[in-house]
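Open the model in your viewer and keep the selection box handy. We will walk from one stop to the next, and at each one you will hear what to select.

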Amino acid sequence: MGTSTDSRPVVVGSGLAGLTVARALAPERCILVTPDDLTAGAASMWAQGGIAAAIGEDDSPELHAVDTRRAGADLGDAGTIARITAAAPDVVRRLRALGVPFDLAADQALDLALEGGHSRRRIAHAGDRSGAAITRTVAGHVATLDSVEIRTGLHARGLVTDGAGKIAGLALGAASGAAVTIDTDRIVLATGGLGGLFAHTTNPRTALGQGIAMASRVGARTDDLHFVQFHPTALDVGLDPMPLLTEALRGAGAVLLADGARFVDELQPRDVVAAAVWAQAQSGRRVVLDARDVPDVLTRFPAVADLVSAAGLDLASDLLPVAPAVHYAMGGVTVDARSRTSVPGLWAVGEVARTGLHGGNRLASNSLLEAVVSGEAAAADLTGDTWRAGGDMTAADRESLRAAGEAPAPALDEVRQVLESSCGVLRTAHDLRAAVDRLDAWTQDDAAYVGWLIARSALADPRSVGAHRRVDTTAAGSAA
């Protein structure tokens, strides 16, 4: 085993959130570890729509906050929502100054798009490849920083803690198979989401909740893991992962049809539209997205056009078969406004974190915003010594903590099928209990452990609210 001692903080992951931490830390030195080259495999590269910010003259952060809270079924943290939506305009301005090629109107102002759940046009975008444009721009800047040591070909395997439960190191596996440990007292998890744990997902198949597993095993608190967002319009042509047909298509006028008839307001929050699409499909109707009347659809949405073309269809002339697919995790490792977890020396940013912004359902294009704001907050907190005193966050539920083990792991496809059948768009206590019982025997494996945490969280919440829809209990709320 190789071991190195280093006083620098270690950032795990090179999507937008992790890159933001490294960039914002400069000139403070840090190490950034990633399995691949910068940005490779990062879900933020796949984001199509853009980044939400109240920049228009008819808009305000307060309106953005209202839309965020409403889409999240009133379950988000009010302080977090206000803080992040207030920061959004400056985030977009800084990204633009950094060189992100946002689309501009004729007057050179930002061309703001409309997406589901938003009451104003507030999505700053770069075509329909916004995530890639933003992430590549930030990555290009990080690659020039002498303060950032980038170590590729390393897979994070686990967190090391000392006798007091504080972070003491990071265990990794090299591409050669060798075990590597970095001794450090500061680690930032930017490992992304968990959508790859489901059989139908728009996420990279490598998005398996690794950061949640590592953090949970050393006692980090997690919350809201059962709030898993299903994107209503994934292209249903048998591909894995399923190609995403961006929310912005519906904002531009694309409509949903079931056996030729419209059945839902396409610009409602994603949980509402996804449930409506699911209900139509369960009734045996063929659900399609019709983008044929969207003006200049091929030039406005070239990335989507390419995805559709690769599946043998034409965005401008064909009806596109769609189905809901897991897209985003609202829950995760619980953090405070400084991105601190309940474990001293451990921060979490981006989709792996539960900040409280999203509540029960994420408002479209708030994820890239959250990645930047949470990453900058972590960087600000990493410097100095104030973090050593720890935070005041409530500890994790001890019954949810399980150790890793060497017992044979289940096939990933088994875990995916268990979650698909129990934790899909519509859920019942019977199915959730069966999932908890089945996955309980496999919690030594990280993927099964996160699946168990998700099913356990869903079973504990009898409400039907936000993206968590229980069909065996009386509805307690929904996002309107």
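How many of the eight residues of strand β13 (residues 228-235) are buried? Select the strand and look: eight of the eight are buried, so β13 is largely enclosed by the rest of the structure. Here buried means under 20% relative accessible area, exposed means over 50%, and partly exposed lies in between, with a 1.4 Å probe and protein chains only. Strands (E, at least two residues) and helices (H or I, at least four residues) are DSSP runs, numbered from the N terminus.

A word on what you are viewing. This is a predicted model, in which local features need pLDDT of at least 70, side-chain atom pairs count only at pLDDT 80 or more, and totals for chains, interfaces and linings use all residues. Residues are numbered from 1 along each chain as its sequence is written, and side-chain values use heavy atoms, with hydrogens and water left out.

**The whole protein**

Zoom out. The protein has 13 helices and 20 strands. Its radius of gyration is 21 Å, close to the 23 Å from the globule rule for 480 residues, so the protein is as compact as a globular protein of that length. That radius is taken over C-alpha atoms, and the rule is 2.2 Å times the number of residues to the power 0.38. Turn the C-alpha trace along its principal axes and it spans about 65 × 55 × 40 Å. Of the 480 residues, 58% count as buried. Among contacts (heavy atoms within 4.5 Å) between residues at least 6 apart in sequence, 71% join residues at least 24 apart.

**Around β13**

Go back to β13 and add strand β17 (residues 320-329). Six bridges join these two strands, which run antiparallel. To see one pair, label A234 and A323: A234 stands opposite A323 in β17.

Next, select helix α9 (residues 302-310). Which of its residues are buried? They are A303, V304, A305 and V308. These buried residues pack against β13, β17, α6 (247-251) and α8 (297-300). Just after α9, find G312, which takes a positive phi of about 85 degrees.

Now pick A274, which sits in helix α7 (residues 270-282). A274 is buried, with a relative accessible area of 3%. Leaving out residues up to four places away in sequence, A274 touches F230, P232, P324 and V425. Draw a C-alpha to C-alpha distance from A274 to T233: the two are 41 residues apart in sequence and 7.7 Å apart in space.

**Two three-stranded sheets**

Select β4, β5 and β6 together. They form an open sheet in the order β4-β6-β5, with antiparallel pairing. The edge strands are β4 (51-52) and β5 (112-113), each of which pairs on one side only. Two strands pair if DSSP finds at least two bridges between them; β5 and β6 (residues 123-124) have two. L112 has A124 in β6 as its bridge partner.

Then move to β12, β18 and β20, an open sheet in the order β12-β18-β20 with mixed pairing. At the edges stand β12 (222-223) and β20 (353-354), each with a single partner strand, so one side of each is left without a neighbour in the sheet. Strand β18 (residues 332-334) runs parallel to β20, joined by two bridges. Label T334 and you will find R354 of β20 opposite.

**A buried serine**

Select S216 in helix α5 (residues 210-217). Is S216 buried or exposed? S216 is buried, with a relative accessible area of 2%. Apart from neighbours within four places in sequence, S216 is in contact with T222, L401, Y449 and L453.

**Backbone stops**

Most residues other than glycine have a negative phi, and most peptide bonds are trans. The last stops depart from that pattern.

- A26 and P27: a cis peptide bond joins them, with omega about 10 degrees. P27 lies in the loop between α1 (16-25) and β3 (30-34).
- D240 and P241: this peptide bond is also cis, with omega near 0 degrees. Look for P241 in the loop between β13 and α6.
- A73: this residue has a positive phi of about 60 degrees, and it is buried at 10% relative accessible area. Its loop runs between α2 (61-71) and α3 (78-98).
- D74: here too phi is positive, about 60 degrees, but D74 is partly exposed, at 49%.
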